Amino acid sequence: MASVVLDNGATLQARAVIIATGARWRNVNVPGEQAYKNKGVAYCPHCDGPLFKGKDVAVIGGGNSGIEAAIDLANIVGHVTLFEFASELKADDILQKRLYSLSNVDVILNAQTTEVIGKDKVSGMTYLDRKTNEKKTIELEGIFIQIGLLPNTDFVKNTVDLSKFGEIMIDNHNQSSLPGLFAAGDVTTVPYKQIIIAMGEGAKASLGAFDYLIRQ
């Protein structure tokens with residue numbers, strides 16, 4: 001029997017629990033990022049990309065998600081500038097090859113984002129060239145931050161097995177390492193963090209929990 005204690009002191013008990021607490025975008029934590037969220041700062045190229053048709057945008061992050069975002073956006077926006085903190089991109093070679101083949105994409109390495117600037121909406125960003133220690137400014141109308149997701153699993157860190165990224169590890173029935181504890185959606189190791197996939201995973205977790213209960 002699992003128990004959950006609420007802030008008001010009430011206790012809920014259940015024979016099976018499904019965790020679907022999702023994940024949150026990792027922030028760059030620089031001045032202007034929070035102020036210009038949904039005013040030029042975006043985190044989902046699939047959702048918000050069409051809003052920047054024909055405009056100049058930046059993608060922050062040189063991993064697979066950042067490169068994929070830049071490739072997708074290049075088909076919609078006017079120009080993409082990709083910024084990577086390290087001295088080289090971290091994405092798979094095949095993605096890098098595709099990225100460098102695009103005529104409307106520039107890649108800037110050794111770039112530390114320092115501020116998102118604007119007035120009513122984003123007008124640009126500043127960054128530090130880590131190689132020359134020079135501070136630079138670039139004019140943009142959109143900034144897509146692609147430096148990963150943080151699963152909301154802090155409350156189960158010492159309860160279930162987690163991946164190296166902090167996601168709840170599940171089997172084909174969405175069962176975690178703790179019997180009776182199931183998980184679904186972006187909080188788990190399931191690939192492709194999309195709403196429609198999370199919805200299907202929720203159905204799987206419900207069926208897994210039902211199957212677990214009738215066998216007790």
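Visitor: What is the strand order of the open sheet of five strands, and which kind of pairing does it have?

Guide: In this predicted model, the five strands of that open sheet follow the order β5-β12-β6-β7-β8, and their pairing is parallel.

Visitor: Why are β5 and β8 said to stand at the edges?

Guide: Each of the two, β5 at residues 41-42 and β8 at 105-108, has a single partner strand, so one side of each is left without a neighbour in the sheet.

Visitor: What makes strand β7 and β8 count as a pair?

Guide: Pairing calls for at least two bridges between two strands, and β7 (residues 79-83) is joined to β8 in the parallel sense over four bridges, so the two strands satisfy that condition. Within this pairing, L82 stands opposite V107 in β8, while the bridge partner of V80 is V105, also in β8.

Visitor: Which strands does α2 touch where it packs on the sheet, and what angle does its direction make with that of β7?

Guide: Helix α2 touches β6 (56-60), β7, β8 and β12 (142-145) as it packs on the sheet, and its direction makes about 170° with that of β7. Angles over 145 degrees count as roughly antiparallel, so α2 and β7 can be described in that way.

Visitor: Which elements make the right-handed β-α-β unit?

Guide: That unit is made by β7, α3 and β8.

Visitor: Why is α2 called roughly parallel to α3?

Guide: Helix α2 (residues 64-74) and helix α3 (residues 93-100) pack at an angle of about 30°, their axes lying 10 Å apart. Since angles under 35 degrees count as roughly parallel, this angle makes α2 roughly parallel to α3, and the crossing in which α2 passes α3 is left-handed.

Visitor: Which residues of the two helices meet?

Guide: From α2 come N64, I67, E68, A70 and I71, and from α3 come L95, Q96, R98 and L99. Sorted by class, this contact has five nonpolar, two polar and two charged residues.

Visitor: Which strands form the open sheet with antiparallel pairing, and which are its edge strands?

Guide: Three strands form that sheet in the order β9-β10-β11, and the edge strands are β9 (111-118) and β11 (134-139), each of which pairs on one side only. On average, and with direction ignored, neighbouring strands of this sheet are turned by 25° against each other.

Visitor: What makes strand β10 and β11 a pair?

Guide: Here the number of bridges between β10 (residues 122-129) and β11 is six, set against a requirement of at least two, so the two strands, which run antiparallel, count as paired. In this pair, Y127 stands opposite K136 in β11.

Terms used. Residues are numbered from 1 along each chain as its sequence is written. This is a predicted model: local features need pLDDT of at least 70, side-chain atom pairs count only at pLDDT 80 or more; totals for chains, interfaces and linings use all residues. Side-chain values use heavy atoms; hydrogens and water are left out. Axes are lines fitted to C-alpha atoms, for helices over the stretch in contact, and angles run from 0 to 180 degrees between N-to-C directions. Angles under 35 degrees count as roughly parallel, over 145 as roughly antiparallel, 65 to 115 as roughly perpendicular and the rest as oblique. A crossing is left-handed if the near helix is turned anticlockwise from the far one by less than a right angle, and right-handed if clockwise. Contact means heavy atoms within 4.5 Å. Ala, Val, Leu, Ile, Met, Phe, Trp, Tyr, Cys and Pro count as nonpolar, Asp, Glu, Lys and Arg as charged, and the others, Gly among them, as polar. A crossover is right-handed if, with the strands pointing away from the viewer, the path from the first strand over the helix to the second runs clockwise.
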